[in-house]
Amino acid sequence: MSKYKAKIGLEMHCEISKTNTKLFSGAQNTYTEHANTCVRPVDMAFPGTLPVLNKEAVRLSLMTSMILGCKQPEYMYFERKNYYYPDLPKGYQITQETKPIPVGIYGSVTFECEGTLKTVRVNNIHLEEDAASLDHYYNTSNIDYNRAGVPLLELVTEPDFHSAEEAVAFLEHMRSVYQYANISDADTKKGQIRCDVNVSIMDESLDENNPENWGTKVEIKNVNSFGGVKDAINYEIKRQIELKETGEYDKMEQQTRRWDEESGTTKFMRSKVDAIDYKYFVEPNIPKFKLDPKWLEEIKKSIPRLALERKQEYQNTYGLSNYDATVLVKEREVADYFENCIQLGIEPKIASNWVSGNILGEVNKEGISIQDFYLTPAMLKQIIDPLQKGIISSKQAKEIFQKSITEKKEPKTMISTENAQISDEKELLEIITSILEKNSSQIEEYKNGRTNLFDYFVGQVMKETRGKANPVKTKELLTKELSK
Amino acid sequence: MNMEKGIVELHEMLQKKEVTPNELIAESKKRSKEIQEECNAFVTILDDVTYDGPIDTLLAGIPYGIKDNYSTKGVLSTGSSNTLKNYVPFFDATAVENLKKAHAVFVNKTVLDEFGMGGTGTTGHTGIVKNPWDNERMCAGSSAGSAAAVASGVYPYALGSDTGDSIRKPAAYCGIVGYKPTYGMISRYGLFPFASSLDTCGVLTRSVEDAAIVVDAMKGIDPKDMTSWDSSKIHLYENLKNTSPRKVCTIPEICDLKNYPNASTELKLHLENYQKTLNLLKEMGYQVEEVSIDKTLLNALASCYVILSCAEATSNMSNLTGIIFGPRSEKENVMEMIKDHRTKGFSPLIKRRFVIGSYVLQKENKDRYFHNAQRVRRLIVDRMKEILKDYDAVILPVGTGPAKKLKGQKDILDKESTVLEEHLQIANFGGFPSITIPNGFVHDLPVGINITGNCYEDEKVLQIAYDLERKMNYKGQIRKKVSHE
């Protein structure tokens, strides 16, 4: 690789899953195993049906455009992309082109890759409808129109990535953005994210800012997992280097290839000369409309703080480790929980330990979202405050935590009564005195040098109090009494 | 013959119980069958229609016909195409739904040129539609069946659709009224699309009054059609009679006989008759002036229409694959199935238009053809809007004379009179309201005159038409068959 530099660009498709209905129909926008249950006539292109644009989908796409630092258009237009395919009932897809401009053009995204911040330029982001899904069997194929018309965002980057790791880090960053901004679940398992990748290589020594030095672009279609993106890029770089080495690179045409997951290779689909002419024209059934600057301002204000920003704050302001901060920002709900704890006055490091330890442990065990977790940040505080004041031991704290979530009872109800730690010196002294009275021979041995019997006495106190004696105080008092 | 009467008169008869809806329906059905025999005007004649509901609106209990490119729930809707020859929709077009709410009773579905693409009424999958005045002539199209049926007294009105002149020209050739409202006044939901930016729902009737009544019931903003608009303040029928002499204009580049040195006798008579109508308007106190439109622009009109309408059509009809609806082909794989369905299903004329549409949208041709056509469209519309700032309406003759012969007549459009045949498309380019009414005869066959006004000024356009109609003798006219002896 040292002799060559790869230039990689991505087209990232992400379904908007957070609207109630589809982009152009009243059918429910949801993921279900039951085929053809979320369908309206327009999704199957029955004659005479017309698209009606979903405003919420436009709002979420404009929000994405803003997050990416893109320029938003003055007017919204949609275009028809015409081609025949069984998953496309109308025979065209309603989408956006770069002229007139789509929901966003010319932005940039800063993301973290292996601990370093990188920036990629965004060429454009546009809003379009998803196609139906096809299930192929031995000699038939089934069409499921549930996905037809689901809003889809296509983000097109410039070829600014230089490695598979960078490209995947970017995808992970964007997935987090979509999830944080409540735009999409961005779940690859549900097919909500799909990518096209373009790869070319050039000599390392040449200036990559001069497009004349770039190699021949190869586009790889339909890569549907992040692992696939990584493997496809690495495979393609290797393939192109081999062509260079054997002197065949210059003969290679600009082309489209397909990622074949099974063989782990890319396969030739068509060369640029056979590129499909999609015969775009402006969609006549959706009149162009002006975007109200006030609405845009509202959208801008509603963008939540995103993962990278929060992570940097956790590290720089709260002094958390990179690892802990990464765990906390992985899901927005977890980060929100953590921030709520801090707002309630829990020390950041303590909150971090509890959240990433006990709490996430339980949440994952139960397979629920932290939002549905019984123990709220306020209840966590009910445990942490007495712990810090020494009213309860850390062992007790854990017990109370467990008991609270199993019995669905607030921790404070358990601390005030039976479980409260005994820290009262008078009470403790009474207990210690009575134990020492019953163990005169052990005292003798202790005084004769068997100092390890100290732990025996502590144990007796704990036994007597069923573990509720404040251990620090107990040790203090015992030392005092035994030295008498 | 009750079905030869107008809506208001029928409504009063129904109210007074001089006739029942079911008697009207029976008469309409009988007439349908006769006209089917004679003119081949229908795709479907409904068998089991009855109406026993209230006579609560002007349209309640009165039969009407629907062009077969409107989606009708539970009733075969073919678009007069083999690609949909077995398609029974499960939803009504909004316009049909609105008429249902008004308790109007539809009794048949009328033949059109396949998907509205054609101006002859001869390309429907069920065969040619003959003109009821003269069975050797065509009705023009594409709303051919609707025009033939209304002209021969099957019912007082039938629905049409108009992308270039598909309501207004057959109306003229059949001696009746054809009204295309402002674009978006009637929802297009459920209308099989031809060219979405031009398609307009409308109606064919025997009087301006009936046209106003029917469109009042059909129109309205529709959440299912983003191009529809709120017309709740427009009351066509209520305001129809508030007429006053208006300022109108003609366009000499279109209507002046001097432009046509090789004019046929029919054309000469047609234009003379048109001049007579203009004189009548002047007598009525109207200001009638001449306003020019650049001839180069007018000459580009027809080709621009072909480019834009074909481009949209080729895309709009890509859903006709036979996979989800329509007769499914029995081929090995899906692409072959689609190819087979479309090859067999569409008539050669439509395929030709698809080829044109694809050609003008191809990357290398798009700017030269499609984008230039869009530019010309804009220029023509801008010029029209300029004119309509100063004038209440533009008044022009429809076509080059009466209906054309089905056979024998050289059907090659005479180049020099193309603009006369095609100028009605201007109203589709701009979405303008436009109405054709009969204004006399040439060789015993009806001819028409067209009135086009500015967008949203449908009331004004209908008032002028109404005003003129009552000074002429053609209101409510039923075809009088010419003899060929």
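The largest nonpolar core here takes in 237 residues, and A147(B) and A148(B) have the most contacts inside it. A nonpolar core means buried Ala, Val, Leu, Ile, Met, Phe, Trp, Tyr and Cys residues joined through C-beta atoms within 7 Å. Buried means 20 or more other C-beta atoms within 10 Å of a residue's own, exposed means 12 or fewer, and partly exposed is in between, with C-beta atoms placed from the backbone. This is a predicted model, so to speak of local features takes a pLDDT of at least 70 and side-chain atom pairs count only at pLDDT 80 or more, while totals for chains, interfaces and linings use all residues. Residues are numbered from 1 along each chain as its sequence is written, and chains are lettered from A and ligands numbered from 1 in the order in which they are written.

**The cores**

- Setting aside neighbours within four places in sequence, A147(B) is in contact with C139(B), P170(B), A171(B), Y173(B), C174(B), I176(B) and L204(B); contact here means C-beta atoms, placed from the backbone, within 7 Å.
- Another core lies apart from the one around A147(B) and has twelve residues, including V39(A), M44(A), A45(A) and L88(A).
- As background, nonpolar side chains tend to be buried together in soluble globular proteins.

**Confidence**

- The predictor gives the complex an ipTM of 0.96 and a pTM of 0.90.
- Chain B averages a pLDDT of 96, with 99% of the residues scoring at least 70; pLDDT is the predictor's confidence in each residue, from 0 to 100.

**Chain B overall**

- Chain B has 15 helices and eleven strands, counted as DSSP runs (H or I over at least four residues for helices, E over at least two for strands) and numbered from the N terminus.
- For 485 residues, a compact globule would have a radius of gyration near 23 Å, and chain B agrees with that at 21 Å. The radius is taken over C-alpha atoms, and the globule rule is 2.2 Å times the number of residues to the power 0.38.
- The C-alpha trace of chain B spans about 65 × 65 × 55 Å along its principal axes.
- Of the 485 residues in chain B, 59% are buried.
- Take the contacts in chain B between residues at least 6 apart in sequence, and 76% of them join residues at least 24 apart.

**Chain A: domains and helix 2**

- Chain A splits into domain 1 (4–298) and domain 2 (425–482), with bounds from an automatic or database domain assignment.
- The centres of domain 1 and domain 2 of chain A, taken over C-alpha atoms, are 71 Å apart.
- Helix 2 of chain A (residues 164–180) has 17 residues, which at 1.5 Å a residue should span 24 Å, and its end C-alpha atoms are indeed 24 Å apart. The expected span is 1.5 Å times one less than the number of residues.
- Helix 2 of chain A is mostly covered, with 15 of its 17 residues buried.
- After helix 2 of chain A comes N182(A), with a positive phi near 60 degrees.

**Where the chains meet**

- On the chain B side, 34 residues are in contact with 24 residues of chain A.
- Helix 9 (295–316), helix 10 (334–345), helix 11 (348–361) and helix 12 (363–390) of chain B are the elements that give two or more residues to the side touching chain A.
- Helix 9 of chain B gives the largest share of that side, three residues.

**Loops and backbone oddities**

- V88(B) sits in the loop between strand 2 (63–67) and helix 3 (94–101) of chain B, and its 14 C-beta neighbours inside 10 Å make it partly exposed.
- V88(B) touches G74(B), V75(B) and L76(B), not counting residues up to four places away in sequence. The C-alpha atoms of V88(B) and F325(B) are separated by 8.9 Å, with their positions 237 residues apart along the chain.
- K99(A) and P100(A) are joined by a cis peptide bond, omega about 0 degrees; P100(A) is in the loop between strand 4 (92–95) and strand 5 (104–113) of chain A.
- The G141(B) to S142(B) peptide bond is cis too, with omega near 10 degrees, and S142(B) is in the loop between strand 3 (105–110) and helix 4 (144–151) of chain B.
- H443(B) is not a glycine, yet has a positive phi of about 55 degrees. H443(B) lies in the loop between strand 10 (434–442) and strand 11 (445–452) of chain B.

Definitions and conventions: Two residues are in contact if their C-beta atoms, placed from the backbone, lie within 7 Å.
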